[in-house]
Amino acid sequence: MALLQLPDTVLRLILEKLDSYGLQASACTCKTLCSAAQDDLLWQRHCKDAGVLSQGSRLDSNSQDSAIVGARALFMRHLRRRCCECRQPTQYEFRFLGIRLCETCERGNPHRYGLATRAQLMHVRSELECLSSSQCDSLFRQLPSLRLSGFEWFMRCQVLERAEQLAARGAKDETGEDAEGARRDGRRARRVRHGDGDGDDSGDIGGGDVAGASYGHVDAAGCEAPGSEGDEPVQDRATGSNDADEDSGGGGGGGGQRRHSLQREEQKAHKRRVKAAQRLKRQGFVCDVAARPLTTAPRNRAPKRPTARQHREAARPQAWESEYKLLEESFGVGLAGLSGLTLASETDP
């Protein structure tokens, strides 16, 4: 390489033009540049620019102190002491992530470094409502926690992110099950449509494709009466004829298809009447399913007054409210004294 063939003086002049990041990057290329980039005389300028040598201490490459703590070591220590957000030196470290973080940045980014208890997280509207109690227990056991003033604290962003992943995974599984059920119903309907025509009654009436030899009548309550089996003719309610007469008439299987279409239309109309009656009943009307058209009568019912027990239960504070009052006694109003910071150790790794 042409750069490595240069004299040491020229190579040192080139390295002096680099900033601290370029000097670190060049030290990772090869052994020759690594040994050249570790010269303390190159790092003294960066230490002065960062204010590390502002106390008047001058490093001498021939002294014993520089052998123990050189300019490069001082600059690396300075980089490790900087806050990960504002890049200013700080003596605090965030316990959950093990990174340097100042108080101002912690207060200014509650969505990233905010802490909350389990009761507070369960009260907030989030994806935790879609999880079962066992899934919530497993989620909180897997995440890191911090014990402060007798309460267990979690990082809000970690809990919500993990809950979203579990909820999305559950929705994906349900979607796969629904798709598999739809494919299974479609295969069943195709088998019924392309069957031998020997009176297979395995089709679903509610699926939209009605097939088979015979169906029973549907009463006013919405229940289906058992139909005839085998070759027994079924009386058609619309035309008054049976299967034998229709099949023996002209047109081949045209009579049977018309009979099935009439049965389908009648069953669909009855379903619509039953659903309309149920909907009106939920709205407070009395409805007769068998009557055409539906006769409705408003039901005048006064709202029920809450009992004294219900009043007491409504006035009783919930679990998270009682916990929040205790937390305010420990950390101040609005949990102003809550923090996940601790003094960082000054020992070099």
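Helices (H or I, at least four residues) and strands (E, at least two) are DSSP runs, numbered from the N terminus. This is a predicted model in which local features need pLDDT of at least 70 and side-chain atom pairs count only at pLDDT 80 or more, while totals for chains, interfaces and linings use all residues. Residues are numbered from 1 along each chain as its sequence is written, and side-chain values use heavy atoms, with hydrogens and water left out.

Most residues other than glycine have a negative phi. Arg87, in the loop between α6 (71-80) and β1 (92-94), has a positive phi near 65 degrees. Ser149, which is not a glycine, likewise has a positive phi, of about 55 degrees, and sits in the loop between β4 (146-148) and β5 (151-155).

The relative accessible areas are read with a 1.4 Å probe and protein chains only, where buried means under 20%, exposed over 50%, and partly exposed in between.

| Residue | Relative accessible area | Class |
|---|---|---|
| Arg87 | 48% | partly exposed |
| Ser149 | 48% | partly exposed |
| Ile14 | 36% | partly exposed |
| Lys275 | 55% | exposed |

Two of these residues also belong to surface patches, which are made of residues with over 30% relative accessible area and no salt bridge (a side-chain nitrogen of Lys or Arg within 4 Å of a carboxyl oxygen of Asp or Glu), like charges being joined within 9 Å and nonpolar side chains (Val, Leu, Ile, Met, Phe, Trp, Tyr) within 5 Å. Ile14, in helix α1 (residues 8-16), forms a nonpolar patch with Leu6 and Val10, and together they have about 200 Å² of accessible area. Lys275, in helix α13 (residues 254-282), joins Lys268, Lys271 and Arg272 in a positive patch.

Definitions and conventions
Accessible areas come from the Shrake-Rupley method with a 1.4 Å probe; for residues, only the protein chains shown count as cover. Lys and Arg count as positive and Asp and Glu as negative; His and the chain ends are not counted. The place of a charge is taken as NZ of Lys, CZ of Arg, CG of Asp or CD of Glu.
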